[in-house]
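Colleague: I would like to learn how to read features off a model. Can you walk me through some of them?

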Amino acid sequence: GAEQQLRLLAAKIAACFPDKAKVETALMQLAGLHDAEVYGGLRQTMDPRNDIKAVRKHQKSSLKRLSSLAPSLLDTTAPLWKCVGLTTINRALVPFLIEHVSRGGKFVAAAEVLITYITGVFPEMVRSSSAELFDVAALQAADAVAVEERLALMVKFAKAVPRSVPRSSGLEDRLAAFVRSGSLRQAKYAAYLVTQMDGAQSLCAALTGDAVDGLDNRHAELRAPSFAALSRFAQYAPQAFSTYADRVSRFLVQSVLLAGDAAGGDEWVAREALGDAGVAKVYAVKILAAWLLGLERQALTRDGVQLVLGTLRQLVRNGGAMQDGASACERQHLLLTAAACMLKLAAAGAHFEKALNTVDVLSLGLVVQSPCYEVRAVFLLGKLVPALVAQRIHVRYLPAVFLVAYEPEAAVRENVRHAVALRLAPLRPTPGSPSVVEECICRLLFVLANHPDWDDAQMLATVELFAPYIEFYIACVCLAQNVSLLFGYAGELKAYRCKGPGDLAVTRRLWVLSELAQYLLREKSLAANWPVNVYPGRLTLP
C-alpha cells in the first residue's frame, strides 16, 4: 500500500546518511505531520525554477513552521533540508556559467562541467535562461571554436528538453548559414537545433534539399559537414529527408562507401584527422542508420532495411572494409561506426532486433577483439556495456563482454569485472529467477562454439586456447551461492542439439565446452571449498 511505499522511500533516502535508522524514523514522523506548509516549502526549495532568494525564503519559512510543530525533528532532518535545497546550484547560476563558457578563460572547463550537469539534471533551470543561451550575437563571434562550444551547449539543452529551441528569424538565418557553409561540428549541431524548432519544417526541407543537391559535387571541399548535417535531418526530420531517402542511400553506398579513395594511414588517428573523404564515409554510415532510426515502423520498407543492414553487416564482418585499398585507419573507424549503429538499431525496437540474426550478434561480439585498441575500448566500454546496463538491448549481446579474456590492457578487463559484478549481476528477467549473467554461461558457450578461432583438427590446442574465456567468466560471475546453478546450466547443454545443415560440428563443440566448463567450475569450487550440489530447481536454456 501507500504506507509501505512511503517506508521504502524513507529507507532509500535514509541510506544516504550516517545514522540511517534515526533519519528513517524522523522521515516517517515528518510524513505523519500532514502539514501542507512544511511539504510545500520543502518542494519549493527543490524547484529548479526558483532562484536563490526564493529557495532561502521557502527554506526559512518551512523550518520555522516545523520548529513550532515538532522541534525534535529539526536537528535530525537538518542534513536533508541542506542536501535537497538548491542553495548552491540554482537558476541564478546559469547565466553566469553560460557567460564563462562563451567567453573562455581559466574557469571555462569548470563552467562546462557544471552547465552540462545542470542541463542534464535540472533542464528547467536552463530553460529560464534560454534567452541568454540562444543569444544570436554569441554565434557571430570570430572564434570558431567558441561558436562550436556554444552550439554544443545548445544541443545539450535541446536534448534534455525536446522541441525547446526558441524560434526567431535571426537564429534561423544563423543556423542555416552554419548548415550550408559551417565546419563539421557547426553544421551537425546547427542541423539538430533546426529540427528542434517548432514550426521549422519548411526550413528543414529547404536545408535538406540543398545538402542533397550538392551530394554529387566531387570537388566540394565541405562534403563531410554536409553529410554530418544530413545525418541529423535523416533522424530528427524524417519527413524532410524521406523525399530524397532512396536517392541518397544509393549514392552513399555506391559512390561514397565503395569509392576507392583511401583516407588516413595504418595508425589510429582521431576521426577529424581522417580528412574530408574519410570523415564523409563515416557519416555516410551514420546517415543510413539514422534514416531507419528516424522512420516510424509502418513507414519502413523491406528494400530500405535490407540495404542499410546489408551495408552494416558487410562492414562489421569484413573489419570495416567494403572495397580493396582502404587504409587500416579508415577501416577501423568504419568498423566502429557500423558496429555502434547496429547496436542503436538493436535498441530502437523489437522489429529491428528481430531483423538482426545470430551471425550479426556473433560478428558484433568479435568487435571487442579488434586488433585496434581504440575500437575495442570504445565499442566495449562506451557502447556495449552501457547499453546492457541500461537494458536497452537484448541479453544475447552479453557474452561479448567476456571475450576480453585475452585483452592486453588490464584496465579494460577490470572495468568489465566491475560492470558485471555491480551493474549486470543484479539484473534478473523475473524476480527470483537466475540473473542475466548466470544464464549467460549458455550463451557464452554457444558463442565460443561458433568462434572463428575454433579448430576441430587441433582439439587439444583449441581447448587450451578457449579455457581462459570460461575462466574469465567464472572469475566475474561464480560465487558459492551460484556455482551449482552454473554447473547445472553447463550440464544442460550436453543435451542440446543444434538444428540445421552443418550444425553437427557445433553440437560437438558445445559438448566439449560444457565438459570444459564443468571441469573448471569444479576446480574453482575445490579451490574455494564450495560444495557443488545438484541444482534443485528446473533449468531452462535461455
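What follows is a dialogue about this predicted model.

Colleague: Start with helix α16. Where is the kink centred?

Modeller: A bend at a residue is the angle between axes fitted on either side of that residue. In α16, residues 245-257, the kink is about 25 degrees. Phe251 is at its centre.

Colleague: Which residues of α16 are buried?

Modeller: Ala245, Val248, Ser249, Phe251, Leu252, Val253, Ser255, Val256 and Leu257. So the residue at the centre of the kink is under the 20% cut-off for buried, as Phe251 is on that list.

Colleague: What do the buried residues of α16 pack against?

Modeller: Six helices are named here. They are α13 (201-213), α14 (223-236), α15 (238-242), α17 (276-294), α18 (302-317) and α19 (328-348).

Colleague: Now the aromatic rings. How is a pair of rings described?

Modeller: By the distance of the centres and the angle of the planes. In this model the count comes to 8 aromatic pairs. Take Trp454 and Phe466: their centres are 5.1 Å apart, with 65 degrees between the planes, and the pair is edge-to-face. This pair links distant parts of the chain, 12 residues apart. Trp454 is in the loop between α24 (436-449) and α25 (459-477), while Phe466 is in helix α25.

Colleague: Are these two rings buried or exposed?

Modeller: Trp454 counts as buried, at 7% relative accessibility. Phe466 is buried as well, at 0%.

Colleague: Which other ring pairs with Phe466?

Modeller: Tyr469 does. That pair is edge-to-face too, at 5.7 Å centre to centre and 65 degrees between the planes.

Colleague: How do these two sit in the helix?

Modeller: Start with the general idea. An α-helix has 3.6 residues a turn, so residues three or four places apart point the same way. Phe466 and Tyr469 are 3 residues apart in α25, about one turn of the helix. Both are buried. One aromatic cluster takes in Tyr406, Trp454, Phe466 and Tyr469.

Colleague: Which lysines lie over the face of a ring?

Modeller: The test uses the lysine NZ, which must be within 6 Å of the ring centre. Lys159 lies over the face of Tyr192, at 5.6 Å from the ring centre. Lys286 lies over the face of Tyr283, at 5.9 Å.

Colleague: Next, cysteines. How many disulfides are there?

Modeller: Two sulfur atoms must lie within 2.5 Å to count. The count here is 0.

Colleague: Why is Cys329 not bonded to Cys372?

Modeller: Because the sulfur of Cys329 is 7.6 Å from that of Cys372, too far for a bond. Cys372 has the closest cysteine sulfur to Cys329. Cys329 is buried, with a relative accessible area of 0%. Cys372 is buried at 7%.

Colleague: How do I read the nonpolar core?

Modeller: Think of buried nonpolar residues joined through side-chain atoms. The largest core here has 118 residues. Those with the most contacts inside it are Leu384, Tyr397, Val401 and Phe402. Helix α17 gives the most to this core, with 12 residues.

Colleague: What is Leu384 in contact with, leaving aside neighbours within four places in sequence?

Modeller: Leu343, Val368, Phe379, Ile393, Tyr397, Ala400 and Val401. There is also a second, separate core of 49 residues. Among its members are Ala111, Ile118, Ala176 and Ala190.

Colleague: And backbone angles? Which residues other than glycine have a positive phi?

Modeller: Two cases to look at. His34 has a positive phi of about 55 degrees. His34 is found in the loop between α2 (20-32) and α3 (36-45). Its relative accessible area is 66%, so His34 is exposed. For Asn529, phi is near 60 degrees. Asn529 lies in the segment after α27 (504-528), and counts as exposed at 68% relative accessibility.

Colleague: One last loop. Where does Glu296 lie?

Modeller: In the loop between α17 and α18. Glu296 counts as exposed, at 54% relative accessibility. Pro238 is 58 residues from Glu296 along the chain, yet their C-alpha atoms are separated by 9.0 Å.

How values were computed. Residues numbered from 1 in each chain as written. Predicted model: local features only at pLDDT ≥ 70, side-chain atom pairs only at ≥ 80, totals over all residues. Heavy atoms only, no water. Bend = angle between axes of the 7 residues up to and from the residue. Helix = DSSP H or I, 4+ residues; strand = E, 2+ residues; numbered from the N terminus. Buried < 20%, exposed > 50% of the residue type's maximum accessible area, 1.4 Å probe, protein only. Contact = heavy atoms within 4.5 Å. Phe/Tyr/Trp six-rings, centres within 6.5 Å; stacked < 30°, edge-to-face > 60°. Lys NZ or Arg CZ within 6 Å of the ring centre and 35° of its normal. Core = buried A, V, L, I, M, F, W, Y, C linked by side-chain atoms within 4.5 Å.
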